[in-house]
Amino acid sequence: MMRALILALFLVAPSAATSAHRGDALLRHAVLGAHNEARERFGVPALAWNEQLAADAMAHAQYMARTGIYGHDRTPGRRKKAGENIWRGQRGAFSYQAMVGVMVDESRNFRPGVFPNVSRTGDWSEVGHFTQIVWPTTTEVGCALASSASTDYFVCRYAPTGNKDGYQLAERRD
C-alpha cells in the first residue's frame with residue numbers, strides 16, 4: 001500500500017522547478033473545498049473550519065518536521081477528542097489540493113459496510129483517510145502544514161472523531 005501511495009504522490013507532483021502556492025488562507029480554502037466536495041458527493045453535510053483543531057494539527061505537524069518521525073499523534077486521549085489524517089511529501093512540491101486529493105482518491109476502494117469492513121481490498125487502512133473525511137457525524141476540520149528542510153508534513157484533525165468500529169458507513173445520496 002505504501003508503495004502505491006508513494007507512486008501516486010510522484011505522479012501528481014509538479015516538476016521540481018515549480019513550487020506549490022502556500023499560505024493560511026489558501027490552505028483553509030483548499031482544504032474546505034476538497035473535503036466538502038467529497039462530502040457532498042457522499043451525501044453528508046459540509047464541514048466547518050475549527051481554529052483549535054488547526055492549532056492542534058500544527059503542533060503535530062511541527063513535531064514531525066522537527067523530529068523527522070512520521071506517524072499519528074500518540075498523545076493519550078487524542079483519539080477520543082479528534083480524528084486525524086496525516087500526509088508527507090517533498091517540500092514545496094505538492095499543492096494542498098494534491099495532499100487532500102490523495103486521501104479522497106481512496107474512495108475508489110471504499111465499499112459500504114460496517115466499519116472497519118469498508119474496503120474492497122479487505123484492508124480498511126486503504127480507505128481510512130477517505131472515511132474520516134466523509135464520516136457522517138464529523139462536523140469540523142482544521143489542518144496545518146509544517147516543513148523540514150526536505151519534507152512537508154500535513155495534518156488534519158476532525159471532530160467529532162470518525163472511523164469508529166461498528167458504525168454503518170454508506171453513501172447517502174438522494
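Which residues of α3 are buried? Let's hold that thought for a moment and get our bearings. One thing up front: what you're looking at is a predicted model.

Okay, so start with the sheet. It's an open one, built from 4 strands in the order β1-β4-β5-β2, and the pairing is mixed. At the edges sit β1, residues 48–49, and β2, residues 83–90, and each of those pairs on one side only. If you zoom in on β1, you'll see that β1 runs parallel to β4, residues 140–147, with 2 bridges between them. Ala48, for instance, has Glu140 in β4 as its bridge partner. There's also a helix packed on this sheet: α2, residues 24–42, touches β1, β4 and β5. The direction of α2 makes about 130° with that of β4.

Now back to α3, which covers residues 51–67. That's 17 residues, reaching 24 Å from the first C-alpha to the last, close to the 24 Å expected at 1.5 Å a residue. And here's the reply to my opening question: the buried ones are Leu53, Ala54, Ala57, His60, Ala61, Met64 and Ala65. Look down the axis of α3 and those buried residues fall within an arc of 140°, so they line one face of the helix. What covers them? Well, the cover includes β1, β2, β4 and β5. Swing round to the other side of α3 and you find Glu51, Gln52 and Arg66 exposed.

The ends of α3 are worth a look too. At the N-terminal end, Asn50 acts as a cap, with a side-chain oxygen 2.8 Å from the backbone nitrogen of Gln52. Just past the helix comes Gly68, with a positive phi of about 75°.

Last stop, a few backbone oddities. As a reminder, most residues other than glycine have a negative phi, and most peptide bonds are trans. So where are the cis bonds here? One runs from Phe115 to Pro116, with omega near 15°, and Pro116 is in the loop between β3 and α6. Another joins Ala159 and Pro160, with omega about -20°. Pro160 belongs to the loop between β5 and β6.

Stay in that loop between β5 and β6, as Asn163 is there as well. Asn163 isn't a glycine, yet its phi is positive, about 55°. Is Asn163 buried or exposed? Buried, with a relative accessible area of 13%.

That's my tour, thanks for listening!

Notes: Residues are numbered from 1 along each chain as its sequence is written. This is a predicted model: local features need pLDDT of at least 70, side-chain atom pairs count only at pLDDT 80 or more; totals for chains, interfaces and linings use all residues. Side-chain values use heavy atoms; hydrogens and water are left out. Two strands pair if DSSP finds at least two bridges between them. Contact means heavy atoms within 4.5 Å. Axes are lines fitted to C-alpha atoms, for helices over the stretch in contact, and angles run from 0 to 180 degrees between N-to-C directions. The expected span of a helix is 1.5 Å times one less than its number of residues. Buried means under 20% relative accessible area, exposed over 50%, partly exposed in between (1.4 Å probe, protein chains only). The arc is that of the directions from the helix axis to the C-beta atoms. A polar contact is a pair of N or O atoms within 3.5 Å; within protein, one must be able to donate a hydrogen and the other to accept it, and residues adjacent in sequence count only if both atoms are side-chain atoms.
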